[in-house]
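Colleague: Could you take a close look at one part of this model for me, and then show me how that part sits within the rest of the chain? I'd love one connected walk-through rather than a list.

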Amino acid sequence: MDAESTDVGRGCSEAKVSKNMFKISNIETSFARNFIEIKWKDDHSSRYHNHWMRFNCHCPKCFRVIVGQQRINCSLFPDEFPILHVHEDEEKAEIHLNYKGEVFTDHETILPLEWLRNHCYCDRCLSNMIEERQMKFALPSKDGLRPLHYDSIKDSKEGLFRVLQRVMEDGICYVKGVPVKEQFLLDFAESIGPLVDSTYGKYFKIQDLGSTDSITDTREFLTFHTDQAHYESELGVQFFHCLRFDEEVEGGESIIADMFQAAEILRKESPNDFRVLTKVPCTFATIDYNRKNPAYYETRKTVIEVDCDDQVVAVHFNTGLDSTVRVREDLIENYYRAHKKLWKIITRPELRFTHRMRPGDLLVFNNRRVAHGREAFVPNGGIRLLQSTYVNVEDVRSKYMVLGHQLGTEVTPTKIGNRSCI
Ligand SMILES: [Fe+2]
């Protein structure tokens, strides 16, 4: 059975080195501790536990072939079901297991060796898997925004893939020379995924209209923020498309910083403050019954989220939507001290991209990773007009992976800030 054709999950990168390693040198089973230990030809050792192996059985009765199909429910397993018998089928490159206990009578669990090796969950293999998906950070003061020209990416799968690759790897893609037409943005974003609705609507313009509803529609300074932090999940990938930016306009440059990079710097330089921001939540809110579209959005979450492997998996930052912190009194001062530390990192000049947009510029960035803002501006009779929309970050990653597959390009997706490191 070709497990890779039905299972896109990646495993240990070491397992790609040589087919020979799928040969087992020894199988040791432990009845007392409910696992088997496989020693591979390359001396790597893997342990697989009974619940895990039974759930992942590849026999035709158990193996899932249609998405969503429930072939096996691990909640129905008995607490204990020791191994009765294990053997290797060398010809098929599988191991076969029988368990004691009535529930699995007459059932043989089948696991292909290649699949087992690719899904080894020893510390080393898990670390490799996490490492492969780490974000790589740029140094804006040195690297700058690397533009793609629209002519080189338009109307092709390869071109769209290159844009998405930048978004996945760098958190942001800058495309120059796109059509200066309103419809362009909608068509381009929808070629990646469905547009996502929000308090701004599915699509919106950013212009100095002196709005009293949103700071966006003014000429004021907008500090670093991730959009729509008042949602349980911020919107995913954001598009800024410049329609007009007249020469007379002074200021108004876009500013961009990588929040995941800032979080990792905080972890290194000030571990206690990092830990505070992973434990003590702040409140983000937009509650306004008097605006054009009355709204009640409120959520309490930590600025930095880590997973069970202590990996940063989400960052939420929006001082414009920060609301009243409601936590135990002994946490209050720690929270404000840690927040200030993070702020000082985010605003370091060397971590900041500054870019004055020109008509025909398009910025596509991961709003779950990259914070953005805007310098204040003076119109001097000119106009600064951008339009924007959002696509779910998981739809963007899916498009990227599917395109990569179709183009025969093997890619590893980095973390995307969706509370998961894989
Ligand atoms: Fe924004």
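Modeller: Happy to! Let's begin at the N-terminal end of helix α12, where N392 acts as the cap: one of its side-chain oxygens lies 2.6 Å from the backbone nitrogen of E394. Please keep in mind throughout that this is a predicted model.

From that cap we can follow the helix itself. Helix α12 covers residues 393-406, and at 1.5 Å a residue its 14 residues should span 20 Å; the C-alpha atoms at its ends are 20 Å apart, which agrees. Along the helix, the buried residues are V393, V396, R397, Y400, L403 and G404. Looking down the axis of α12, these buried residues fall within an arc of 130°, so they line one face of the helix. What lies over that face? The cover for the buried residues of α12 includes helix α7 (157-170) together with strands β11, β19 (362-366) and β22 (384-391). Just after α12, G408 takes a positive phi of about 75°.

Several of those covering elements turn up again around another helix, α8 (residues 182-190). Buried in α8 are F184, L185, L186, F188 and A189. These residues pack against α7, β11, β19 and β22, and also against α6 (150-153) and β9 (203-206). So that you can place this in the chain: the domain assignment gives domain 1 as 3-132 and domain 2 as 140-406. The centres of the two domains, taken over C-alpha atoms, are separated by 42 Å.

Now let's step to the metal. Which protein atoms hold the iron ion? Its protein donors are NE2 of H225, OD of D227 and NE2 of H372, at 2.0 to 2.2 Å from the ion. Along the chain, the donors follow the spacing H-x1-D-x144-H. D227 belongs to the loop between β10 (222-225) and β11 (237-245), while H372 is in strand β20 (residues 370-374), so this pair ties together parts that are 145 residues apart in sequence.

H372 deserves a closer look. With a relative accessibility of 5%, H372 counts as buried, and D227 is buried too. The side chains of H372 and D227 also make a polar contact, at 3.0 Å. Setting aside neighbours within four places in sequence, H372 is in contact with T223, F224, H225, D227, Q238, F240, I255, I256, F365 and N367.

The strand β22 that helps to cover α12 also leads us to a loop worth visiting. G382 lies in the loop between β21 (377-378) and β22. Is G382 buried or exposed? G382 is buried, with a relative accessible area of 10%. Its C-alpha atom is 7.1 Å from that of E247, although G382 and E247 are 135 residues apart along the chain. Beyond its neighbours within four places in sequence, G382 is in contact with D246, E248 and V249.

Two backbone spots are also worth a glance. As a background point, most residues other than glycine have a negative phi. D155, in the loop between α6 and α7, has a positive phi of about 55° although it is not a glycine. At 74% relative accessibility, D155 counts as exposed. The other spot is A93, in the loop between β4 (83-89) and β5 (94-99), where phi is near 55°, again a positive value in a residue other than glycine. A93 counts as partly exposed, with a relative accessibility of 34%.

Finally, let's zoom out to the whole chain. The protein chain has 12 helices and 22 strands, and its C-alpha atoms fill a box of roughly 80 × 55 × 40 Å along the principal axes. Of its 422 residues, 51% are buried. Among contacts with a separation of 6 or more, 74% join residues 24 or more positions apart. The D227 and H372 pair at the iron ion, with its 145 residues of separation, and the G382 and E247 pair, with 135, are good places to look if you would like to see parts distant in sequence brought together.

Terms used:
Residues are numbered from 1 along each chain as its sequence is written. This is a predicted model: local features need pLDDT of at least 70, side-chain atom pairs count only at pLDDT 80 or more; totals for chains, interfaces and linings use all residues. Side-chain values use heavy atoms; hydrogens and water are left out. Donors are N, O and S atoms within 2.8 Å of the metal (3.2 Å for Na, K and Ca); water is not among the atoms, so sites may look incomplete. Helices (H or I, at least four residues) and strands (E, at least two) are DSSP runs, numbered from the N terminus. Buried means under 20% relative accessible area, exposed over 50%, partly exposed in between (1.4 Å probe, protein chains only). The expected span of a helix is 1.5 Å times one less than its number of residues. The arc is that of the directions from the helix axis to the C-beta atoms. Contact means heavy atoms within 4.5 Å. A polar contact is a pair of N or O atoms within 3.5 Å; within protein, one must be able to donate a hydrogen and the other to accept it, and residues adjacent in sequence count only if both atoms are side-chain atoms. Domain bounds come from an automatic or database domain assignment.
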